[in-house]
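Please look over the structure below. This report covers an aromatic contact and a set of paired strands.

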Amino acid sequence: MQTRFWKPSQLLETDPSIEEAAQLLNDRHVVAFPTETVYGLGADATNVEAVQRIFEAKGRPSDNPLIVHVADIHQVEKLAQNIPDRAYRLMEAFWPGPLTLVLESNGTAAENVTAGLSTIGIRMPDHPLALALLRASGKPLAAPSANRSGRPSPTDAAHVWQDLEGRVAGILDGGATGVGVESTVLDCTSDTPVILRPGGVTKEDLEKILPIVDVDSALKDKQEHPRSPGMKYTHYAPEAPLWLVKGDDEFFIEQLTQLKEEGHRVGVIASTELAEKLNHDRVSLCGSRVRLNEVAGRLYAVLREFKKAEVDVILCETFPETGVGAAIMNRLTKASVHILTQG
């Protein structure tokens with residue numbers, strides 16, 4: 001398959017590439033596009049054949065629900081039923097933005113979007129190109145991250161091209177994404193809303209609108225089956241095995257030194273604060289530990305930087321699980337194969 005690559009102008013509503021991409025979507029093809037979180041792999045959410053092409057492109061089984069992206073609340077009401085008042089309050093507060101709401105499906109979405117469940121995850125992306133594409137196509141778009149299954153999510157069009165060139169009909173280049181980690185997924189079907197996946201909207205943000213917000217126990221217990229779209233299979237893994245180091249900077253340096261003395265080629269993912277203390281030449285900076293939004297924005301890019309041919313293992317520091325730090329640590333934990341803990 002030939003993959004088209006477009007870099008639209010600022011005049012999105014009149015850019016021919018938007019219309020071309022929208023026509024491909026209406027012809028049941030798959031098109032990658034940027035959102036404020038990561039790049040998404042979009043297809044008509046109401047068409048089984050189109051959605052199946054997402055799974056084929058990603059190389060992922062089709063038994064995992066997908067998040068549907070919409071351009072306005074009217075499209076939500078075409079996909080969901082019995083929408084609670086608190087969901088409307090959340091839409092008003094956080095949309096467009098990195099918050100996915102799990103609602104009761106009315107059956108309009110293709111069965112392979114919901115994976116046969118009675119619920120559907122919906123969000124409105126906060127990116128002008130994504131919204132222009134949604135409006136031009138006139139369709140709600142099912143759109144998981146635009147990467148091959150098991151690879152780190154793409155935060156740049158070049159990442160999408162690396163993973164999916166020849167496997168999708170087109171890629172819309174909107175530059176680097178901003179938030180860097182996927183949307184927060186919030187189940188609004190129970191009496192108390194439950195965070196199924198931490199993301200760009202934090203628990204603290206949600207609690208400014210709602211009195212109580214719970215966190216899914218599967219986020220804390222690896223033995224429990226996750227209920228959120230995008231979390232059933234291994235995600236985010238770099239090419240080389242990732243080890244997390246929980247402890248102070250001195251403990252990190254000790255682990256790095258030991259691995260080097262054993263003859264391992266070690267890549268390091270570190271904050272600017274830790275990197276200043278390291279005498280090491282394979283260091284990828286993920287931002288300042290006091291600015292976790294910066295770390296979130298760089299996370300997937302640094303996970304892609306180290307290649308299996310260059311390093312045997314990647315050491316990465318850990319971060320506080322407050323605010324967006326909860327999303328960062330959720331992704332790092334899922335990407336890791338080993339955790340070194342001080343004491």
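Strands here are DSSP runs of E of at least two residues, numbered from the N terminus. Two of them pair if DSSP finds at least two bridges between them. The model is a predicted one.

**Strand pairing**

Start with β10 and β11. A hairpin of six residues connects β10 to β11. Strand β10 covers residues 184-187 and strand β11 residues 194-197; the two run antiparallel, joined by three bridges. Within this pairing, Asp-187 sits opposite Val-194 of β11.

β11 has another partner. Strand β12 (residues 214-215) pairs with β11 in the parallel sense, over two bridges. Val-194 appears here too: its bridge partner in β12 is Asp-214.

| Strand pair | Sense | Bridges |
|---|---|---|
| β10 (residues 184-187) and β11 (residues 194-197) | antiparallel | three bridges |
| β11 and β12 (residues 214-215) | parallel | two bridges |

**Aromatic contact**

How many aromatic pairs does the count give? It comes to one. The partners are Phe-5 and Trp-161, set edge-to-face. Their ring centres are 5.8 Å apart, and the planes meet at 85°. An angle over 60 degrees counts as edge-to-face, so the 85° of this pair falls in that class.

Phe-5 belongs to strand β1 (residues 4-6) and Trp-161 to helix α7 (residues 157-164), so the pair ties together parts that are 156 residues apart in sequence.

Are these two rings' residues buried, partly exposed or exposed? Phe-5 is partly exposed, with a relative accessible area of 38%. Trp-161 is partly exposed as well, at 35%.

Note on methods
Residues numbered from 1 in each chain as written. Predicted model: local features only at pLDDT ≥ 70, side-chain atom pairs only at ≥ 80, totals over all residues. Heavy atoms only, no water. Phe/Tyr/Trp six-rings, centres within 6.5 Å; stacked < 30°, edge-to-face > 60°. Helix = DSSP H or I, 4+ residues; strand = E, 2+ residues; numbered from the N terminus. Buried < 20%, exposed > 50% of the residue type's maximum accessible area, 1.4 Å probe, protein only.
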